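Hi,

Here is the structure I promised to pass on. Have a look at it first, and my notes follow underneath.

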Amino acid sequence: MSRDFRLFNTLTGQVESLIPIEPGHLRFYSCGPTVYSYAHIGNFRSFLTADLILRTARAIGWKTTYVTNITDVGHLTDDDTMDPSGEDRMARALQSKEGQRFANVWDLSRHYSSALQSDWLTLNLLEPDVQPRATEHIREQIQTIEKLLACGAAYQTSSGVYFSVESFPNYGSLSGNKAAEALELAVRDVVVDPEKKDPRDFALWKKDAEHLMQWYSPWGWGFPGWHIECSVMAQAYLGEQIDLHAGGEDLIFPHHECEIAQAEALTKRPFSRHWVHTRFLQVEGRKMAKRLGNFHTVRELVNDRGVAPLALRLALISGQYRKPFNFTFSTLRDSERHVARFSEAFKLAHGARDRGHNAASTVGETLIDRYQSVLNALLDDLNTPAAIAQALDGVRTILGHKDQLDKRAYNFMRGIADLLGIVPFTKEMSADPNETKIQLEAPDTDPLTTRIEELIQARSEARKTRDFTLADKIRDELLAMNIEIKDSPNGTSWRKKSNI
């Protein structure tokens, strides 16, 4: 299937066709989080953009190789200004009230990495082909820095190794920050380093005897700069040139600008042909911040407030990625109602999956048209509001014609699930509505439900063996997830209370 997939390219400033270097094979890298805390819903808005790109590419028959990283070292508190001073975000987190429960920074990293992967599944994001960690690719980063030094694009000082921005004339091509004077003002250089040649230069390797995570290098003990990890890992798994690079709009400068400089200084070829960036998320019209009380993580909304995971997913994709998005609890409540309707329609469609085409009804053809409209909206720069509207229109068709449904209704719901990720399945499926290949999971099952039922089963086993200490511990864990359980002669039932 050959279709035109158009996305806004930050590099050129216009919507363009996404054209893979290898026809039909999308090689795609998206920046992941720094695991010093639980990922918040703003992080996941960006991750969901990447997820929708992946789903859309697969829907038109493309092979995909998707890589998204985990930053577990090197991200300093002042990295957004290219200033290689500041405290490492991981080290600062260890010193926080929440971080005091961890024995060391490595334990902290493992905990939040595991939490990220749990939240990832909770929101029904497709798993990447590779999810590399910065700490597992130190050797490759050191080797790249050596090459940059050898070609004259970097230099060493007593405090580390810097990339020479002056050596790369195209610096600023992504962000538009090309004027040296403007760049110097932007970076607010406060580093007292008389050996640094240019205030625009950024750290590739940092020497710091006090840093908690260190490795030995040709320049002594230290740790890599934040920017070097992504360009190195992207090229390690996707090749010197990649098709698409994505991330949040805050990464355009300096992070992605620095990635381009590091990669292209060595290859002399474009690093990524297409760049996609997701705009910021606000909450109830204000910037999300802990001090404002509007900072929300996935697990807080799902576990503490009882928000249905797929409703949260639907709310976060309801705004087009290239426009600022205002997340409200009113939108979340609407999304819960929509998801309930999707579930109701799925049950009806699931019951009609073995019915042949109903020649007397136009419902099946209407649903095929609606699916194509959803796909076309996503192919048009991920126009998710239009895609969701068309999907809901298809749901209304199913709910309004219950006695006229056939297997095309089932295929429609499966295709919508593949494209928008709002119905969980046991396996990844083709999004072709004209073909039935994969057995569906029960309609009300999601990763969180599976976990709850596993805990309830474990508690039942503990009670049978009279291990009441374990049973009480499991009950407490369920209560912490805002799950109420009720024991009866017929077994244990549960319900989740919503607090939104």
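Let me start with one residue: Ser343 counts as partly exposed because its relative accessible area is 22%. For that label, buried means under 20% relative accessible area, exposed means over 50%, and partly exposed is in between, using a 1.4 Å probe and protein chains only. Ser343 sits in helix α10, which covers residues 329–351. Helices here are DSSP runs of H or I with at least four residues, strands are runs of E with at least two, and both are numbered from the N terminus. Measuring C-alpha to C-alpha in the model, Ser343 is 9.5 Å from Met413, although 70 residues separate them in sequence.

Ala340 belongs to helix α10 as well. Ala340 is partly exposed, since its relative accessible area is 46%. Its C-alpha is 9.9 Å from that of Ala308, and the two are 32 residues apart along the chain.

Before going further, a word on where this comes from. This is a predicted model, so local features need pLDDT of at least 70 and side-chain atom pairs count only at pLDDT 80 or more, while totals for chains, interfaces and linings use all residues. Residues are numbered from 1 along each chain as its sequence is written, and side-chain values use heavy atoms, with hydrogens and water left out.Now the overall picture. The protein has 15 helices and 16 strands. Of its 500 residues, 54% are buried. If you take the contacts (heavy atoms within 4.5 Å) with a separation of 6 or more, 74% are between residues 24 or more positions apart. The accessible surface is about 21700 Å², with 47% of it belonging to carbon and sulfur atoms; the areas come from the Shrake-Rupley method with a 1.4 Å probe, and for residues only the protein chains shown count as cover.

One sheet to look at is an open one with three strands, in the order β13-β12-β14 and with mixed pairing. Its edge strands, each pairing on one side only, are β13 (286–287) and β14 (325–327). Two strands pair if DSSP finds at least two bridges between them. Strand β12 (residues 281–283) runs parallel to β14, and three bridges join them. Within that pair, Leu281 is opposite Phe325 in β14. Helix α9 (residues 309–317) packs on the sheet, where it touches β12 and β14, and its direction makes about 150° with that of β14. The axes behind that angle are lines fitted to C-alpha atoms, for helices over the stretch in contact, and angles run from 0 to 180 degrees between N-to-C directions.

Finally, the charged pairs. A salt bridge here is a side-chain nitrogen of Lys or Arg within 4 Å of a carboxyl oxygen of Asp or Glu, and the whole structure has 17 of them. Among them:

- Arg279 and Glu249 have their closest N and O atoms 3.1 Å apart. Arg279 lies in the loop between β11 (272–278) and β12, and Glu249 in the loop between β10 (242–248) and α7 (252–267), so the pair ties together parts that are 30 residues apart in sequence. Arg279 is partly exposed, at 33% relative accessible area.
- Arg305 bridges to Glu300, with the closest N and O atoms 2.7 Å apart. Arg305 is partly exposed at 26% relative accessibility, whereas Glu300 counts as buried at 19%.
- Asp198 pairs with Arg200 at 2.9 Å between the closest N and O atoms, and both residues are buried.
- Asp51, Arg55 and Arg313 are linked in a salt-bridge network.

Cheers
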